[in-house]
Structure formats: C-alpha cells, structure tokens
Amino acid sequence: MEKPTKIAAPRGKLGVLLPGMGAVATTFMAGVELVRTKKALPVGSLTQMATIRLGKRTEGRSPKIKDFVKLARLEDMIFGGWDIFPDSAYEAAAKAGVLDAHHLALVKTFLSKIKPMSAAFDHEYVKMLNGKNVKKGKTKYDIALQVKDDIANFKKKHGCSRLVMLWCGSTEVFMKEHEVHATPESFEAAMKENHPAIAPSMLYAWAAITNGIAYGNGAPNLTVDVPALRQLAQEHKVPIAGKDFKTGQTLLKTVLAPAFKARMLGLNGWFSTNILGNRDGEVLEDPGSFKTKEESKLGALEFILQPHLYPDLYKKIHHKVRINYYPPRGDNKEGWDNIDIFGWLGYPMQIKVDFLCRDSILAAPIVLDLVLFLDLAQRAGMRGIQEWLSFYFKSPMTAPELYPEHDLFIQLMKLKNTLRWMMGEDLITHLGQEYYD
Ligand SMILES: NC(=O)c1ccc[n+]([C@@H]2O[C@H](COP(=O)([O-])OP(=O)(O)OC[C@H]3O[C@@H](n4cnc5c(N)ncnc54)[C@H](O)[C@@H]3O)[C@@H](O)[C@H]2O)c1
C-alpha cells in the first residue's frame, strides 16, 4: 500500500457506534466522560498516554502519540449503540458493577441519556440471552437495512462528520467460513434468504462497511473475517480490524511465550483457567459461544512458538483453556496459569500466574484506542485489514496467506512504525550501528 500523502484533519464530531452496550461499552463511555471532564486518568490507553520515539536516540524527540498524529479529541466523541436490553447506558453500567458508586454518580446524567437502539439479534447465535429490544423484519437483509437507517439517523441527529463502529456485543456461536461468504453478491443473497451462515454481527458489519464506516470486532466472532466483507471494505475504502480484545490472560501469554522462545526454553504444557461472573461469563457457559472464545484463546501459543521450526522445544505442548462462570466474582475475573517449561538438558520447571484482573477496566482503553486509530486510518485512506492494530487483539486478522503476529512487542513495534510511516518519519529498526561509527 502507498504511504498516505496527506491525512485529513479530524474536523467535527466523531460518532462512536457500539453494537452491544454491556460492561465493556459502558465502562469505556463512562471513562471517556470522566477523562474529558478531568476527573480520572486514561490509564492503559496508548493514544492518550504513550509517547513515540522519533529519529535517533540522541535527538531526544519523544512526543506523545496524540501530539504526533492527528487523532480525534475526546471532547468531539459522541456515543450511540444497540442492545437487546432497553436499559440506558447508566442502568447497564450500574448492573455490570464495574464502576464504583462514586464514579457512577459523576457520569449518571451523561450515561442516562445514551439509550440503546433496538438490536439486530437472533437467539440462535447467543443462546444464553433473551431480550425484547430487538428489531423485526422478514429477512436478515431487511434488518441490515434498518441498521443502516439507524446509522444515518444517528449521524444526522448528532451532526457527526465521521463514524466508527466497534463490536462490544456478546460472543456468538462458533462459525466457520461458508461459501455464501465468498463474494458481496452471495453474501447479500444469503441475507435475503435468511441463510444461517449470516450471524447478527455480520448485519452490523455489512451496514457499517457499505455506509463507508470503519468496523472493529472486539469479540472472537467470525463477522468481518470473510472474503465478502473484506472485499466490500476495500471497495468502500473502509478500515477493518479484529478479533477479540486482548486484555488479561492472553495479554500475559503473549508476553511470556515470546520470552521463553527468545531464550530457547522448552514448553511442555500451559493450563489456563478462569473464573468470572459477568454477563460475558454467562454467555460463555453455552458450549457454542465458548468454542468461539476457546479457538481465539488457543491460537496465540502455536503462532508464537512455531513448533514446526523448533520441534525439540515445542512439538508436544498440552495447551488447555477453561472459563468458568462464577457469579460472585462479577467482572473481577481471576485467571490462573500453570506453565510447564524445561531448560538445559531437559530439566523441568514450573511457573504459576494468578492474575486478579478487572475485565472491562482492561478492555475500555483498548476500545478507545481502536476507535481513534480506526478513524485515523480512514482519514489516511488506509482500507481493508489493519494488521498494525494486531496489538489489541487475541486473534489478529491478517491477509489470508499470512500467519498472524502475536508477540506483544513485535505488535507494538509494528504499530509505532506504522504511525512513523504514516507521518513520513524514519522507521526504527533498533540496529543502532551508526552510534559506534
Ligand atoms: N472484557 C474483556 O476483557 C473482553 C476481552 C475480550 C473480548 N471481550 C468481548 O467483548 C464483548 C463484550 O464483553 P462484555 O463484558 O461487555 O459483555 P456484556 O455481556 O456485558 O455485554 C455484551 C452486550 O451485548 C449485547 N448483545 C448481544 N448480542 C447483541 C446484538 N446482536 N446486538 C446488540 N447487542 C447485543 C448483550 O445484550 C450485552 O448487553 C464480549 O463478546 C466479550 O467476549 C471482552
């Protein structure tokens, strides 16, 4: 792809459309409001807090990313979304139980005004949920057109100059690519005949992309990762990115596994288990939705450790992932990892990780960064899969012939080099020979 010559300035309001207004979405919206009213810090967000080194180490140039690239301002963000439950964002946030009473009180007026539009939903794809705030239509195509109308009405009502859509809805049942996903024509025909290979999340993605709106996928759902929608993204000059926010256990996995491989330490097994009690945990009780999540969580190790290149170290890895719904914990997930590694002459060692995390607190800054970077990519004329955003995902989307890059630090380098490339700065290779000439 050619380097962007001129990146349009982020003028006017940026509409942020979120299918799924549950724990993650409401924690994100509340957080943006708290940050822009100077009541809290955007911890965990690269777009708000990280710097980027430019030029040589001797130049001392390390601006904040938000001062280096032209990102939309938090003050210019307007939120909207869809959910199968009619609760306002305030009621949904209160039920999700992520934010404490002090923070909730500060954003009550703001969140109460954000009411979900009726959802494109089908119980067959998320078996643990039933809600009444759902669109009706003869075909999936009719429902997708209603989503398009929602988008147009939102844009007009709020006077947005640009929009981004980011899926924060539930994990749908496991789906494989089907022949109806092959082309935009077969995809549209399948929507019209209510084909089961068209999931509700795909209706939002189709509506967004054909409206020229960037689409990010925070769940492991197949959604945009099919040829028809990838092709439409190219045709409509729309950036797309996914899948599945990389927040807790997988974040640590993609930090630790590259360390073992860097030092040529072997791995026999990695057992990961979780307890969590939020609605996401409840949805994942259904074996169909769990399978989607499991596939997403299992991928990272294989791609990082490359057992085909290092059979002596990684060919016999027992990798297991368990998720247990345990209501008392709410959103405060606990993830345990037992890692069986081996060293010099094959002597075994063990590592235990116990991460008492907060799911949505880790996810919210990812949502913010993805919204801002997808908007930036679109203004820069970048279209199709945005591999440089792999940093944020458990199952990064790539061109079909490529394997995904999972190593967090390679992903970070790729992200920052893409920003340098967009702005015409030298890429940083870390060679550093010039300092010793
Ligand atoms: N929190 C994390 O750490 C994390 C990490 C990775 C991925 N995710 C994914 O992000 C998503 C959101 O997580 P959450 O904790 O906010 O879950 P949540 O259950 O609190 O919220 C999801 C919301 O989506 C709604 N929904 C489901 N199908 C819908 C549809 N077709 N249209 C509109 N709304 C729909 C549900 O009613 C629910 O309110 C989940 O898919 C989860 O797997 C979360």
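Visitor: Why is Glu425 called partly exposed?
Guide: In this predicted model, Glu425 has a relative accessible area of 22%. Buried means under 20% and exposed means over 50%, so Glu425 at 22% falls in the class between.

Visitor: Why does Arg61 count as partly exposed?
Guide: The relative accessibility of Arg61 is 34%. That value is also between the cut-offs of 20% and 50%, so Arg61 is partly exposed.

Visitor: What makes the pair of Arg61 and Glu425 a salt bridge?
Guide: Their closest N and O atoms are 3.1 Å apart. The limit is 4 Å between a side-chain nitrogen of Lys or Arg and a carboxyl oxygen of Asp or Glu, so the pair qualifies.

Visitor: What makes this a link between distant parts of the chain?
Guide: Arg61 sits in the loop between α2 (46-49) and α3 (65-68), while Glu425 sits in the segment after α15 (408-422). The two are 364 residues apart.

Visitor: How many salt bridges are found in the whole structure?
Guide: The search finds 15. One of them joins Asp225 to Lys243, with the closest N and O atoms 2.6 Å apart. Here Asp225 belongs to the loop between β5 (214-217) and α9 (227-235), and Lys243 to the loop between β6 (239-241) and α10, 18 residues apart. Both Asp225 and Lys243 are buried.

Visitor: How do you know that Asp244 and Lys394 form a salt bridge?
Guide: Their closest N and O atoms are 3.6 Å apart, and the cut-off is 4 Å, so the pair counts. Asp244 is in the loop between β6 and α10, Lys394 in the loop between β11 (384-385) and α15, and 150 residues separate them.

Visitor: Why are Asp244 and Lys394 called buried?
Guide: Asp244 has a relative accessible area of 0%, and Lys394 has 5%. Both values are under 20%, so both residues are buried.

Visitor: Which residues do salt bridges with shared partners join into one network?
Guide: Glu59, Arg61 and Glu425.

Visitor: How do you know that Lys261 has no salt bridge?
Guide: The nearest side chain of opposite charge is Asp407, 6.7 Å away. A salt bridge has to be within 4 Å, so this pair does not qualify. Lys261 is nevertheless buried. It lies in helix α10 (residues 249-262). Leaving aside neighbours within four places in sequence, Lys261 is in contact with Ile304, Leu305, Gln306, Tyr310 and Tyr314.

Visitor: How many disulfides does a search of the whole structure find?
Guide: It finds 0. For Cys160, the nearest cysteine sulfur is that of Cys168, 17 Å away. For Cys357, the nearest cysteine sulfur is also that of Cys168, at 17 Å. A disulfide needs sulfur atoms within 2.5 Å, so neither Cys160 nor Cys357 is in one.

Visitor: Why do Cys160 and Cys357 count as buried?
Guide: Cys160 has a relative accessible area of 8%, and Cys357 is at 6%. Each is under 20%, so each is buried.

Visitor: What makes β7 a mostly covered strand?
Guide: Of the 11 residues in β7 (residues 266-276), 9 are buried.

Visitor: How do you know that β7 pairs with β9 and with β8?
Guide: Pairing requires at least two bridges, so the 9 bridges to β9 (residues 334-342) are enough, and the sense is antiparallel. The 8 bridges to β8 (residues 318-325) also pass, in the parallel sense. Asn274 stands opposite Gly335 in β9, and Phe271 opposite Lys320 in β8.

Visitor: What is the strand order of the open sheet of 7 strands?
Guide: The order is β3-β2-β1-β4-β5-β6-β11, with parallel pairing.

Visitor: Why are β3 (117-118) and β11 placed at the edges?
Guide: Each has a single partner strand, so one side of each is left without a neighbour in the sheet. For β3, 2 bridges join it to β2 (residues 77-83); pairing asks for at least two, so the minimum is met. Trp82 has Met117 in β3 as its bridge partner.

Visitor: How many helices and strands does the protein have?
Guide: There are 15 helices and 11 strands.

Visitor: Why is the protein called as compact as a globular protein of its length?
Guide: Its radius of gyration is 22 Å, and the globule rule gives 22 Å for 437 residues, so the description holds.

Technical notes: Residues numbered from 1 in each chain as written. Predicted model: local features only at pLDDT ≥ 70, side-chain atom pairs only at ≥ 80, totals over all residues. Heavy atoms only, no water. Helix = DSSP H or I, 4+ residues; strand = E, 2+ residues; numbered from the N terminus. Buried < 20%, exposed > 50% of the residue type's maximum accessible area, 1.4 Å probe, protein only. Lys, Arg positive; Asp, Glu negative; His and termini not counted. Contact = heavy atoms within 4.5 Å. Rg over C-alpha atoms; globule rule 2.2 N^0.38 Å.
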